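The following exercises concern one residue and the enclosed spaces beside which it may be placed. Please work through each task before reading its solution.

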Amino acid sequence: MTTREPVLSAPTRGLTATEVREHPWCGPADRMPTRYRGPHGLGRDGWVNFVTRLERGEEVAIIRAAVADNRRVLDVGGGTGEIARAVAAQVGRCTAVEPHADRVASLQDSGHGVVDVHPGHAESLPFEDGAFDAVYATWVLPYVDDPERAAREMARVCDASDPGAKVVLIGGSPDNELVSVLNEVCVPLAGEEPDHQGYLLATAAAAFADSGFGRFSLHRTEAALHFPEPSVDERVDAACAVLGDFWYEGHPRVEEMREALRPRVHRHFRHRPHAIGDQATVLVARPGTPS
Ligand SMILES: C[S@@+](CC[C@H](N)C(=O)[O-])C[C@H]1O[C@@H](n2cnc3c(N)ncnc32)[C@H](O)[C@@H]1O
């Protein structure tokens with residue numbers, strides 16, 4: 001994984017949960033699903049191969065900027081810990097919750113600040129009410145069993161009586177190239193409903209508002225998977241393997257998915273020869289209601 005200097009989009013200001021739902025960076029509301037499709041699988045090797053190709057763009061900088069004035073910070077679903085380590089290096093300490101033992105182990109390998117890791121799930125966070133003044137989860141809600149409960153838990157452990165407190169989510173935006181390709185090719189082969197991460201952000205916003213975090217801003221950020229291989233055939237091979245294994249490692253139809261991805265990925269590389277975008281929306285929830 002690489003990072004680069006931030007080029008922050010101008011954030012929106014002072015949105016309500018309803019405005020979050022209707023905003024083009026989440027919605028449009030009339031095309032949102034009416035229920036959660038259920039969690040994606042996230043294979044061990046599939047995720048590692050994905051992260052190796054991922055340039056996070058300004059994601060790390062956005063989280064660091066969001067928690068710059070906070071001291072008790074929780075990373076929910078920290079994965080292999082890139083962001084938790086960056087936060088710990090800035091704040092001195094970052095607590096992380098992660099259900100997968102192998103990922104927790106790599107979080108604990110941190111040499112930059114203290115990353116205090118707890119095995120656990122977002123839906124049942126092992127902390128007291130108001131234990132943190134900033135709680136964030138990057139690319140986690142599409143993998144949990146119950147996103148609304150996870151959002152309520154994130155708000156519960158964040159201290160709404162502290163005016164500087166915030167809960168922050170990063171998820172895919174409606175123009176996310178990677179999600180579009182997977183929705184078009186792999187999701188139907190798996191017989192699943194399409195992914196819609198704006199729906200998850202809007203669902204979380206409603207739960208945050210109910211829990212005292214009712215002032216929202218949205219940001220846009222760019223991330224991408226990179227395919228530097230000079231030959232297009234090599235790039236297509238690599239992309240089909242990475243994309244197929246991302247959500248469907250070990251799935252009985254994964255070989256079929258990889259083959260079905262070939263023409264779609266080939267077409268994509270005609271327009272964007274060395275990258276597949278992982279465009280994201282950042283939701284920041286603060287205590288109170290919009291004035
Ligand atoms: C796509 S990864 C993102 C990891 C990390 N936040 C990042 O941005 O690199 C999703 C993470 O969510 C974790 N996860 C899955 N179910 C979870 C749950 N119920 N509660 C908390 N984390 C969960 C996975 O183990 C995985 O590490």
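**Exercise 1.** Determine with which side chain the side chain of glutamine 197 makes a polar contact.

*Solution.* The partner is the side chain of aspartate 195, at 3.3 Å. A polar contact is a pair of N or O atoms within 3.5 Å; within protein, one must be able to donate a hydrogen and the other to accept it, and residues adjacent in sequence count only if both atoms are side-chain atoms. The model is predicted: local features need pLDDT of at least 70, side-chain atom pairs count only at pLDDT 80 or more, and totals for chains, interfaces and linings use all residues. Residues are numbered from 1 along each chain as its sequence is written, and side-chain values use heavy atoms, without hydrogens and water.

**Exercise 2.** Establish whether glutamine 197 is buried or exposed.

*Solution.* Its relative accessible area is 7%. Buried means under 20% and exposed over 50% (1.4 Å probe, protein chains only), so glutamine 197 is buried.

**Exercise 3.** Identify the cavities that glutamine 197 lines.

*Solution.* A cavity is a set of points on a 1 Å grid over the protein atoms alone where a 1.4 Å probe fits but cannot get out; lining residues have an atom within 4 Å of a point. The largest cavity has a volume of about 110 Å³, and its lining includes Gln197, Trp139 and Asp278. The second largest cavity has a volume of about 60 Å³; Gln197, Trp139 and Leu200 are among its lining residues. Gln197 thus appears in both linings.

Notes: 1 Å grid on protein atoms, 1.4 Å probe; cavity = no way out; pocket = protein on both sides within 12 Å on 5 of 7 lines; lining within 4 Å. Points joined across faces, edges and corners; volume = space filled by probe spheres on them.
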